[in-house]
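Reader: I'm used to gels and columns rather than models. Could you walk me through reading a structure like this one?
Author: Gladly! Let's open it up and take one feature at a time.

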Amino acid sequence: MNSTDTAIEVHELRKTYGELTAVDGISFDIHRGETFALLGPNGAGKSTTIEILEGYRDRTSGDVRVLGVDPGRGGLDWKARIGIVLQSSGESGNVTVGEQLRHFAALYPNPRDVDEVIAAVGLESKAGVLIRKLSGGQRRRVDVAVGIIGAPELLFLDEPTTGFDPEARRSFWQLIRTLQREGTSILLTTHYLDEAAQLGDRAGIIAGGRMVDLAPIDEIGGRESRVPLVRWVEGGERREQRTDSPAAVVTALVARLGGEPEGLEVIRPSLEDVYLDLVGHEHAAGIAADALNETETAR
Ligand SMILES: Nc1ncnc2c1ncn2[C@@H]1O[C@H](COP(=O)(O)OP(=O)(O)OP(=O)(O)O)[C@@H](O)[C@H]1O
């Protein structure tokens, strides 16, 4: 793959804050037009990684290219090609939604239409309202609008829907699907695993600054972990069987038991189930390693 096919290339990225290693040698690529979800628990190193890619933070070591450019050296023309929705905007908001967007639109060579963007984030009725008078979720929609106003080739979304009500989240997903159809490359971090499953093509799971899995969304955790599970109760005991053909297992069970099996469930593990399993193991391994280090240090 050459760099015209890749929006982001990260090789052995490391970031330390004093004694703390926040990002510990991670590597991944994001293809052009792809939506890549970077997932992981609080403190895993996601924002540090994203901020390095955005050019806001220096790295300790490793190679990084964003739209073919080292973000530490990206000029204004490079910045105009990327859109950023930070985890928190810190906007004071003493301007209206419309003024804010017109202000940002003027900074880009080929901005989107301000009214269209306001409509796309569902804020038509608030266009003339001061941002500080909006609710938390509405302000977050302004952040998203600012992120896409410059018609970016690459969009960074750091926990974009925090504070959105369920309906606003669904319309945000529609908006992202439109951007995906237009060919926008997207790096998304979110704690909503359903959001990652809805929007992502591939995902990387970070825990403790390391990439613990990287795969197409449907294959995170390995194929085995996604095989459906049939559960039922027989003779007072809970039984279960993993199978690729749950219908056949249930049919055989009904025939054998001569009727409806007690407590019958067919469970298809979701991305969230698989993620919790992966991150849980890593967390437990981390605690065990820390305990071992402490024992060794104590010796
Ligand atoms: N400026 C900083 N100085 C020192 N330590 C920092 C700094 N920024 C982040 N850290 C530490 O680096 C680690 C990774 O933080 P980071 O914000 O990248 O995690 P995250 O995965 O984005 O977490 P969250 O899901 O909570 O946003 C954490 O242990 C955090 O305390």
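Reader: Where should I start, and how many bridges join strand S1 to S2?
Author: Start with that pair, keeping in mind that this is a predicted model. Strand S1 (residues 6–17) and S2 run antiparallel, with nine bridges joining them. Within this pairing, arginine 14 stands opposite aspartate 24 in S2.

Reader: In what order do the strands of the sheet come?
Author: The order is S2-S1-S4, three strands in an open sheet with antiparallel pairing. Strand S2 (20–31) and strand S4 (61–66) are the edge strands, each pairing on one side only. From one strand to the next, the twist averages 15°.

Reader: Which strands does helix H1 lie across?
Author: Helix H1 (residues 46–54) lies across S1, S2 and S4, and runs at about 120° to S1.

Reader: Now for empty space. What shows where it is left?
Author: The general idea is to roll a probe the size of a water molecule over the atoms, which shows where empty space is left. Here, the structure holds one cavity of 30 Å³ or more. The largest cavity has about 50 Å³ of space.

Reader: Which helices each supply at least two residues of its lining?
Author: Those are helix H5 (136–148) and helix H6 (166–181). H6 gives the largest share, four residues. The lining includes Arg141, Phe164, Ser171 and Phe172. By class, seven lining residues are nonpolar, one is polar and one is charged.

Methods:
Residues numbered from 1 in each chain as written. Predicted model: local features only at pLDDT ≥ 70, side-chain atom pairs only at ≥ 80, totals over all residues. Heavy atoms only, no water. 1 Å grid on protein atoms, 1.4 Å probe; cavity = no way out; pocket = protein on both sides within 12 Å on 5 of 7 lines; lining within 4 Å. Points joined across faces, edges and corners; volume = space filled by probe spheres on them. Nonpolar A, V, L, I, M, F, W, Y, C, P; charged D, E, K, R; others polar. Pairing = 2+ DSSP bridges. Axes fitted to C-alpha atoms, helices over the stretch in contact; angles between N-to-C directions. Contact = heavy atoms within 4.5 Å.
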